[in-house]
Amino acid sequence: MNIRSLTRGDGVVIGAAVVLFIASFLDLSGYDCPSGVDCSRFSSPNAWDSLGLLMSVFLAGIIGAALVIVGRLSPRKVVGLDLGQFGTAFTVFALWTAFWTIIDVSDAGAGLILGLLGTLVLAAATVAGPLVPALKAPLVGAPKPPQAVQPPYGGQPGQGYGYPGAQQQPYGAQPSQGYGYPGAQTGGQPGQPGQPSQADPAAAQAQAAQAQQSAPQGGAAPAGDFTPFWFAVPVARPLYGEDGAPNPIAELAPGTWYLAVEQRGQGLIAQTQDGRRGVLQDTTGIQRG
């Protein structure tokens, strides 16, 4: 189960179920106490005193909410239907029963009124949750990557490009020139890249030799090289095999960092924590680390 797969609509469903549970202990009908009569011992029945109303309105709504949430956390099917579909049917049934019950009662109490409002919100959230963009947003957002700690002057650089917390380039751009590459700041004055320190000429010569060895023949670095980076998905998305099979091999969950090791067309070759690699076809809205 992944709690980060819950949406705002699921949060509304949970809140409405709590309201239904509270309403089940309140009075179903009101009463007027005649003057001169001691009504302190008189109490109106609640839903727990009426088994039929309890099962058809309050418990039906709570069971429906539980099925919707369990179906979201752990997708399973019963007789070819998702648990969420069964839950939606329960919530609509609870709303229908509560509506006709409150019409039939001449003096509805707080329990019936609050029960009707709870089933109304519950049914609306279960039906509109997968359709309204505001309700489809994640209930718990993905954690932000930790901020990179800048090394002291002359110290070793921190984590390299692509790790959570490192400063990233825009998607598809080349990483900036870093420590040890031609043009990097190596002890020069701020704002003057490429100037080695006058106090260490041997280091400057070693960097120049390293740059000549690493540069390809022709004098220019190849364009379009892909640099691995970390990313997180906004919602759960399937990861398909590299062989093009239609069935996904894994599911990427929000709030977890994955490593993109290669770009394939509009998709990315992603690697999970257990070492599995596959194609992420939908890369819209991903958060780079």
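A residue is called buried when its relative accessible area is under 20%, exposed when it is over 50%, and partly exposed in between. The exercises below use these cut-offs on a predicted model.

**Exercise 1. Overall content**

Task: State how many helices and strands the protein has, and what share of its residues is buried.

Solution.
1. The protein contains six helices and nine strands.
2. Of its 289 residues, 29% are buried.
3. Taking contacts between residues at least 6 apart in sequence, 60% join residues at least 24 apart.

**Exercise 2. The salt bridge of arginine 237**

Task: Classify arginine 237 as buried or exposed, do the same for its partner aspartate 282, and state which parts of the chain the pair ties together.

Solution.
1. The closest N and O atoms of arginine 237 and aspartate 282 are 3.6 Å apart, and the two residues form a salt bridge. The cut-off for such a pair is 4 Å.
2. Arginine 237 belongs to strand β4 (residues 237-240), while aspartate 282 sits in the loop between β8 (277-280) and β9 (287-288), so the bridge ties together parts that are 45 residues apart in sequence.
3. The relative accessible area of arginine 237 is 8%, so arginine 237 is buried.
4. Aspartate 282 has a relative accessibility of 37% and therefore counts as partly exposed.

**Exercise 3. Further salt bridges**

Task: State how many salt bridges the structure holds, then describe the pairs formed by arginine 264 and by arginine 276.

Solution.
1. The structure holds five salt bridges.
2. Arginine 264 pairs with glutamate 242, with 3.4 Å between the closest N and O atoms.
3. Arginine 264 is in strand β6 (residues 258-264) and glutamate 242 is in the loop between β4 and β5 (248-252), so this pair ties together parts that are 22 residues apart in sequence.
4. Arginine 264, at 36%, is partly exposed. Glutamate 242, at 34% relative accessibility, is also partly exposed.
5. Aspartate 274 and arginine 276 form a salt bridge with an N to O distance of 3.0 Å.
6. Aspartate 274 has a relative accessible area of 52%, so aspartate 274 is exposed. Arginine 276 is partly exposed at 39%.
7. Through shared partners, salt bridges join Glu242, Glu262, Arg264 and Arg277 into one network.

**Exercise 4. The surroundings of arginine 276**

Task: Locate arginine 276 in the chain, and state which residues arginine 276 is in contact with, leaving aside neighbours within four places in sequence.

Solution.
1. Arginine 276 is in the loop between β7 (267-271) and β8.
2. With neighbours within four places left aside, its contacts are Ile249, Ala250, Ala270 and Gln271.
3. Leucine 239 is 37 residues away from arginine 276 in sequence, and their C-alpha atoms are 9.7 Å apart in space.

**Exercise 5. Helix α4 and its two neighbours**

Task: Use the crossing angles to classify the packing of α4 with α2 and with α1, and list the residues that meet in each case.

Solution.
1. The axes of α2 (residues 51-73) and α4 come within 11 Å and cross at roughly 30 degrees. Angles under 35 degrees count as roughly parallel, and α2 and α4 are therefore roughly parallel to each other.
2. The crossing of α2 past α4 is left-handed.
3. From α2, Leu53, Val57, Phe58, Gly61, Ala65 and Val68 meet Gly111, Leu112, Gly115, Thr119, Leu122 and Thr126 of α4. By class this contact has seven nonpolar, five polar and no charged residues.
4. The axes of α1 (residues 8-23) and α4 come within 8 Å and cross at roughly 160 degrees. This angle makes α1 roughly antiparallel to α4, the cut-off being over 145 degrees.
5. α1 also passes α4 in a left-handed crossing.
6. Among the α1 residues that meet α4 are Val12, Ala16 and Leu20, and the α4 side includes Gly115, Thr119 and Leu122. The contact of α1 with α4 has 10 nonpolar, six polar and no charged residues.

**Exercise 6. Threonine 119**

Task: Is threonine 119 buried or exposed, and which residues does threonine 119 touch?

Solution.
1. Threonine 119 lies in helix α4 (residues 110-128).
2. Its relative accessibility is 0%, so threonine 119 counts as buried.
3. Not counting residues up to four places away in sequence, threonine 119 touches Leu20, Val57, Ala94, Leu95 and Ala98.
4. Threonine 119 is one of the α4 residues in the contact with α2, and is also listed in the contact with α1.

Methods. Residues numbered from 1 in each chain as written. Predicted model: local features only at pLDDT ≥ 70, side-chain atom pairs only at ≥ 80, totals over all residues. Heavy atoms only, no water. Helix = DSSP H or I, 4+ residues; strand = E, 2+ residues; numbered from the N terminus. Buried < 20%, exposed > 50% of the residue type's maximum accessible area, 1.4 Å probe, protein only. Contact = heavy atoms within 4.5 Å. Axes fitted to C-alpha atoms, helices over the stretch in contact; angles between N-to-C directions. Parallel < 35°, antiparallel > 145°, perpendicular 65-115°, else oblique. Left-handed = near helix turned anticlockwise from the far one by under 90°. Nonpolar A, V, L, I, M, F, W, Y, C, P; charged D, E, K, R; others polar. Salt bridge = Lys/Arg side-chain N within 4 Å of Asp/Glu carboxyl O.
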